[in-house]
Structures are given as C-alpha cells and as structure tokens.
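Here are some notes from a walk through the model, set out point by point. Have the coordinates open while you read.

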Amino acid sequence: MSERQPAGPADCVIAPSILSADFARLGADVDRVLADGADWVHFDVMDNHYVPNLTIGPLVCAALRKHGVTAPIDVHLMVQPVDRLVPDFARAGASLISFHPEASAHVHRTIQLIRAEGCQAGVVLNPATSLSVLDHVMDDIDLVLLMSVNPGFGGQAFIPGTLEKIRRVRERIDASGRAIRLEVDGGIKPANIGEVARAGADTFVAGSAIFGEPDYADVIARMRDEVAAARG
Ligand code: DX5
Ligand code: ZN
C-alpha cells in the first residue's frame, strides 16, 4: 500500500519519537507534529526485558492508522525476542521495522521476515555494538539506525563518539551502492543536528527536542535549516 512506503525529502527525514508525545491525546499530537513538518512517525517499542522500560505495542500502531495517520510509521523494536511481534506490527500498519541484532537469534531470518511481511527492514546499533554486525546484511537492509544514547529512555544526552561511527557507517553504505537510509536516534536537537548531518546521517529521530517545545513547527524548521547549512 502506498501509504506504507517510506517517503520524505530524500536527504533529510525528520522522525519525531512519540515516546515524548502526549499519550493521553496521541492521535491529535501525531497529527499536529506531521502538520508542523515531520516526515515519519518514530514508534519506540520497549518490553521491560531487552530494555528497562515499557511502552506501546501493535494496538497503538493500528489505532494511529485507524485515526487517519498516513505518514510512514518507523517502528523501533527494543524487544527480545523479536520475530513474534513482526507480523503483528506489519498488520498494524508499520512501514519500517528496525530491531537490535543482539535481541534476535537469527538476524538474517528476522530481516527476511520483516521484508516478507511487506515492510522495510532496519538494524539498530547500540553505542557499544560493533559495525561488524553489518558485514553480511548490507544487501538485505533498507535502514541502519545508529543509537546515539543507550536505548530505553527519552531525554538523554547525545554521546559524542557516535559522530565517528556515523562517518564509518556512511562509508559502508556508499560502498554498498544501495539506497540504505542512515538514521540517528537519541539526544538530537537543533544545536547538534548539523554535525550529525555532516557526519553522514540523512534521517533524524528527535523526541524531547520536538515534543518538549511549544512550537513543533519552529523546532522542525530550525532542524532542517541546520541540516541544510551543514551541507552547504
Ligand atoms: C530511546 C529511543 C529514542 C528516544 C529519543 O531508546 O529509541 O527514540 O525516544 O528521544 P530523545 O530525542 O528525547 O533523546
Ligand atoms: Zn527510537
């Protein structure tokens, strides 16, 4: 279905994390952030097992689709095991599904499962995860999600060492010749999004920096300006 195909400006996708949205009025808050210029909805799924926090599942994803959200929904699974939930999220309207390789016994199989369910597939690298997890999956993935904080909570500070890692993943993606998006997640705000873009990211998750401000449109516009300026 066309609304499940990730879209947005090719070189700058802004994906607000609804972890920091108003859960009591989630549909309205998501409508608002999309109307204010966001491209994707970043949907953080935590299970109190792989990470020490508990958030939302497929029912909430389906509810957003039923509410009328047509933007790509970018599901970030912080769950273990992974595979059981993939078909549920595909049926619930996920566009992309990313997972942590440490949480899957068979990483390649999980990627195949996500794609067989009609979604784009991403692998997520924690701050201490080696890039070697990408070695044998570059032909099969649509997205690399680099964590710039440890997963589990919104509102943490960006880990500066991520910048060098972004550069190295960018080299790998360019060498692959494939259209793999490079998304960075954690502590992104107008003050640092420029250097994240300069390092090679094209897709930017931001939770507290957007939902924590009264004027979403202003923050998103400032983020886009910083990305454009960083690229000259
Ligand atoms: C952390 C989540 C992030 C988080 C980002 O585990 O994956 O998506 O919500 O939040 P901020 O932008 O507030 O760091
Ligand atoms: Zn996330």
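1. A word on terms before the sheet: two strands count as paired if DSSP finds at least two bridges between them. This is a predicted model, so take the points below as a reading of a prediction. With that rule, the strands form an open sheet of 8, in the order E1-E8-E7-E6-E5-E4-E3-E2, with parallel pairing. From one strand to the next, the twist averages 25°.

2. Which strands stand at the edges? They are E1 (13–16) and E2; each has a single partner strand, so one side of each is left without a neighbour in the sheet.

3. Now to E3, residues 73–78. Is this strand buried or exposed? Buried: 6 of its 6 residues fall in that class, so E3 is largely enclosed by the rest of the structure. The cut-off here is a relative accessible area under 20%. In a regular strand the side chains alternate between the two faces of the sheet. For E3 both faces are covered, with Ile-73, Val-75 and Leu-77 buried on one side and Asp-74, His-76 and Met-78 buried on the other. Note that the second set includes Asp-74 and His-76.

4. On one flank, E3 pairs with E2 (residues 41–46) in the parallel sense, over 6 bridges. If you want a register check, His-42 stands opposite Asp-74 in E3. Between the two strands the chain passes through helix H2 (residues 58–67), and this β-α-β crossover is right-handed.

5. E3 also pairs with E4 (residues 96–99): the two run parallel and are joined by 4 bridges. Here the bridge partner of His-76 is Ser-98 in E4. The link from E3 to E4 goes through helix H3 (residues 86–91), again as a right-handed β-α-β crossover.

6. Two backbone details are worth a look in the loops around here. Gln-80 and Pro-81 are joined by a cis peptide bond, with omega about 0°; Pro-81 sits in the loop between E3 and H3. Asn-48, in the loop between E2 and H2, is not a glycine and yet has a positive phi of about 60°. Asn-48 is exposed, at a relative accessible area of 55%.

7. Next, E7 (residues 181–185). How many of its residues are buried? The count is 5 of the 5, so E7 is largely enclosed by the rest of the structure. Both faces are covered: Arg-181, Glu-183 and Asp-185 are buried on one side, Leu-182 and Val-184 on the other. I'd look at that first set on screen, since Arg, Glu and Asp count as charged.

8. E7 and E6 (residues 143–147) pair in the parallel sense over 5 bridges. Leu-145 has Glu-183 as its bridge partner in E7, and Met-147 has Asp-185. To get from E6 to E7, the chain crosses through helix H5 (residues 162–176), and this β-α-β crossover is right-handed.

9. E7 pairs with E8 as well, in the parallel sense, over 3 bridges. Glu-183 stands opposite Thr-203 in E8. E7, H6 and E8 make up a right-handed β-α-β unit.

10. The loop between E7 and helix H6 (193–199) holds Lys-189. This lysine is partly exposed, with a relative accessible area of 41%. Its C-alpha atom and that of Asp-31 are separated by 21 Å, for two residues 158 apart along the chain.

11. Last, the largest pocket, with about 280 Å³ of space. Which residues lie closest to its centre? Of the 26 that line this pocket, they are Gly-154, Gly-155, Asp-185, Gly-186 and Gly-187. Asp-185 has come up already, as one of the buried residues of E7. E2, E3, E8 (203–206) and helix H7 (208–211) each supply at least two residues of the lining. By class, the lining has 12 nonpolar, 11 polar and 3 charged residues; keep in mind that Gly is counted as polar here.

Notes:
Residues numbered from 1 in each chain as written. Chains lettered and ligands numbered in written order. Predicted model: local features only at pLDDT ≥ 70, side-chain atom pairs only at ≥ 80, totals over all residues. Heavy atoms only, no water. Buried < 20%, exposed > 50% of the residue type's maximum accessible area, 1.4 Å probe, protein only. Right-handed = clockwise from strand over helix to strand, strands pointing away. 1 Å grid on protein atoms, 1.4 Å probe; cavity = no way out; pocket = protein on both sides within 12 Å on 5 of 7 lines; lining within 4 Å. Points joined across faces, edges and corners; volume = space filled by probe spheres on them. Axes fitted to C-alpha atoms, helices over the stretch in contact; angles between N-to-C directions.
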